[in-house]
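Colleague: I am new to this structure. Please choose one part of it, look at it closely, and then say how the rest of the chain is laid out.

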Amino acid sequence: WTSFTVCGKLRRLVKVKKVGHAGTLDPMATGLLIVCVGKATKLVDRYQGMIKGYSGVFRLGEATSTWDADSPVIQREPWEHIKDEDIRKAAASFRGEIWQVPPMFSAIKVGGEKMYDKARRGESIELSPRRISIFQFDIERSLEDRFFFFLFPLPLKLLDVIHLST
């Protein structure tokens, strides 16, 4: 379900017209969706401004057209030369306040339409960078754990929305 679908179902269930959510779920997202009902919809901005925690997985050496695992791999590169220290340095470079340009395949709306819908039609719109703050970016798995492919869970604490992509 999308965030909009959840609000619609809740609106019908509790018979209240005002239902809003504090964050958009991308199609592959899992986790918590904060929903406000009635007068509480005035609190949505407060919830959106709170520090959030995310975890994610990187698969090294693979790229997709959508920058996530939703699409087939379109490019493979060798990754065996990458050391744990290289990944730790890269993670450290994201800590602090940075400017991020959201990817085309995101749930951000432009002109009332989600960017990922525009991107799937082949449209390209240049989005403005957004200021984000990353307080913590930890690597919880080592490259020494040799599997068919490597996954790195990355818990993050953020002030605003960040887009994690391959």
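Modeller: A residue is called buried when its relative accessible area is under 20%, exposed when it is over 50%, and partly exposed in between, using a 1.4 Å probe and protein chains only. The model is predicted, so local features are given only at pLDDT of at least 70 and side-chain atom pairs only at 80 or more, while totals for chains, interfaces and linings use all residues. Residues are numbered from 1 along each chain as its sequence is written, and side-chain values use heavy atoms, leaving out hydrogens and water.

The part chosen is helix α3, which covers residues 84-94. Helices (H or I, at least four residues) and strands (E, at least two) are DSSP runs, numbered from the N terminus. Asp 84, Ile 87 and Ala 91 are the buried residues of α3. Seen down the helix axis, these buried residues fall within an arc of 65 degrees, so they line one face of α3. The arc is taken from the directions that run from the helix axis to the C-beta atoms. On the face turned away from the buried side, α3 carries the exposed residues Lys 89 and Ser 93. Strand β9 (130-137) is included in what covers the buried residues of α3. Following α3 comes Gly 96, which has a positive phi, near 100 degrees.

Helix α3 also takes part in an aromatic pair. What does a search of the whole structure find? It finds one aromatic pair. Phe 94 and Phe 137 form this pair, which is stacked, at 5.8 Å centre to centre and with 25 degrees between the planes. Rings of Phe, Tyr and Trp (its six-membered ring) pair if their centres lie within 6.5 Å; planes under 30 degrees apart count as stacked, over 60 as edge-to-face, and the rest as tilted. Because Phe 94 lies in helix α3 and Phe 137 in strand β9, the pair ties together parts that are 43 residues apart in sequence. How accessible are the two partners? Phe 94 has 38% relative accessibility and counts as partly exposed, whereas Phe 137, at 5%, counts as buried.

Next come the charged pairs. Eight salt bridges are found in the structure, a salt bridge being a side-chain nitrogen of Lys or Arg within 4 Å of a carboxyl oxygen of Asp or Glu. One of them joins Lys 118 to Glu 113, with the closest N and O atoms 3.4 Å apart. Glu 113 also forms a salt bridge with Arg 121, where the closest N and O atoms are 2.5 Å apart. Lys 118 is buried, at 10% relative accessible area, and Glu 113 is partly exposed, at 22%. Arg 121 in turn is bridged to Glu 123, the closest N and O atoms being 2.8 Å apart. Arg 121 is partly exposed, at 48% relative accessibility, as is Glu 123, at 33%. Through shared partners, these salt bridges join Glu 113, Lys 118, Arg 121 and Glu 123 into one network.

Two loop residues can be placed as well. Ser 71 sits in the loop between β4 (62-64) and β5 (73-76) and is buried, at 17% relative accessibility. Neighbours within four places in sequence aside, Ser 71 is in contact (heavy atoms within 4.5 Å) with Thr 64, Ser 65 and Thr 66. Gly 23 belongs to the loop between β1 (19-21) and β2 and is partly exposed, at 25% relative accessibility. With the same neighbours left out, the contacts of Gly 23 are Ser 3, Leu 33 and Gln 48.

As for the whole chain, it has four helices and ten strands, in the order α-β-β-α-β-β-β-α-β-β-β-α-β-β along the sequence. Of its 166 residues, 30% count as buried. Mean pLDDT, the predictor's confidence in each residue from 0 to 100, is 78 for the chain, with 81% of residues at 70 or more. Among the elements, strand β2 (residues 35-37) has the highest mean pLDDT, 92, and strand β10 (residues 156-158) the lowest, 45. The pLDDT is below 50 over residues 146-166, a stretch with 92 contacts in the model beyond near neighbours in sequence. Where pLDDT is low, the predicted coordinates should not be read in detail.
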